[in-house]
Amino acid sequence: MGVGPDTMRVVTEDQFDEVGALLCAAFPTDSEARLVRRLRADDDMLHEFQTPWAGKIGGYFALSRMQAPYGWACLAPMAVRPEWQDGKLAENNPNMTVRGSQDETYRRPWRIGTRMLQHLQVLYEIPSEMYKARLPETVVVLGNPAFYGRWGFDKTRAQHLISPYPLEHTLILRRGDDIPSETLIYPKAFSD
């Protein structure tokens with residue numbers, strides 16, 4: 001039996017308002033919520049995923065279509081309900097023992113963002129033609145290399161890319177071990 005938040009699921013249209021509220025709560029401004037609305041309006045949104053818990057969306061991330069290279073996607077934004085960040089969900093769960101919720105072994109399954117990235121990483125590790133056809137060839141993320149690097153995103157493999165953003169914070173997730181040389185053109189919503 002699994003411990004912690006429910007399995008990652010696709011966001012449905014009736015959850016768009018809840019996603020917007022989560023993004024506004026998780027970030028200092030509403031810019032990420034506006035970004036998501038614009039990506040949807042521009043038809044640049046490939047996939048939106050959420051992890052539910054206790055009837056709420058606990059975590060969210062979007063994969064949007066890069067303008068170039070063809071078949072690539074950008075992971076952004078990613079958010080976890082503020083009161084559940086950093087494993088706090090474990091502390092607030094009445095099923096956890098008082099001592100257990102402080103122990104990282106017990107907290108790990110309750111880290112929603114970690115679980116979502118683990119799930120995405122596994123999809124790229126499964127040698128299945130079905131998943132290959134549904135997933136972008138490469139997912140680009142701009143973020144903390146120490147965090148995203150734990151879940152298959154590779155900073156070294158991104159160092160030959162040409163990007164409008166700093167390469168020291170650019171990582172990619174893709175099958176194989178090649179080092180692509182491409183120019184990244186993000187969806188228009190990112191520059192507006």
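**Close-ups of a predicted model**

**View 1. Cys-74 is a buried cysteine****.** With a relative accessibility of 4%, Cys-74 falls in the buried class, because buried means under 20% relative accessible area. This is a predicted model, so keep that in mind for every view here. Cys-24 makes a handy contrast: its relative accessible area is 37%, and that puts Cys-24 in the partly exposed class. As for disulfides, a search through the whole structure turns up zero.

**View 2. Six strands line up in an open sheet****.** Read across, the order is E1-E2-E3-E4-E5-E6, and the pairing is mixed. The edges belong to E1 and strand E6 (170-174), each of which pairs on one side only.

**View 3. E1 meets E2 at one edge of the sheet****.** Here E1 and E2 run antiparallel, joined by two bridges. Zoom in on Arg-9 and you'll find its bridge partner in E2, Gln-50.

**View 4. The second largest pocket holds about 200 Å³ of space****.** Its lining is made up of 10 residues. Nearest the centre of this pocket sit His-47, Phe-49, Leu-123, Arg-134 and Leu-135. By type, the lining residues split into six nonpolar, two polar and two charged.

**View 5. Strands and helices both help line the second largest pocket****.** On the strand side, E1 (9-10) and E2 (45-53) each put at least two residues into the lining. Helix H5 (112-125) and helix H6 (129-134) each do likewise, with at least two residues apiece. So what else do E1 and E2 do? They're also the pair joined by two bridges in the antiparallel arrangement.

How values were computed. Residues numbered from 1 in each chain as written. Predicted model: local features only at pLDDT ≥ 70, side-chain atom pairs only at ≥ 80, totals over all residues. Heavy atoms only, no water. Disulfide = S-S within 2.5 Å. Buried < 20%, exposed > 50% of the residue type's maximum accessible area, 1.4 Å probe, protein only. 1 Å grid on protein atoms, 1.4 Å probe; cavity = no way out; pocket = protein on both sides within 12 Å on 5 of 7 lines; lining within 4 Å. Points joined across faces, edges and corners; volume = space filled by probe spheres on them. Helix = DSSP H or I, 4+ residues; strand = E, 2+ residues; numbered from the N terminus. Nonpolar A, V, L, I, M, F, W, Y, C, P; charged D, E, K, R; others polar. Pairing = 2+ DSSP bridges.
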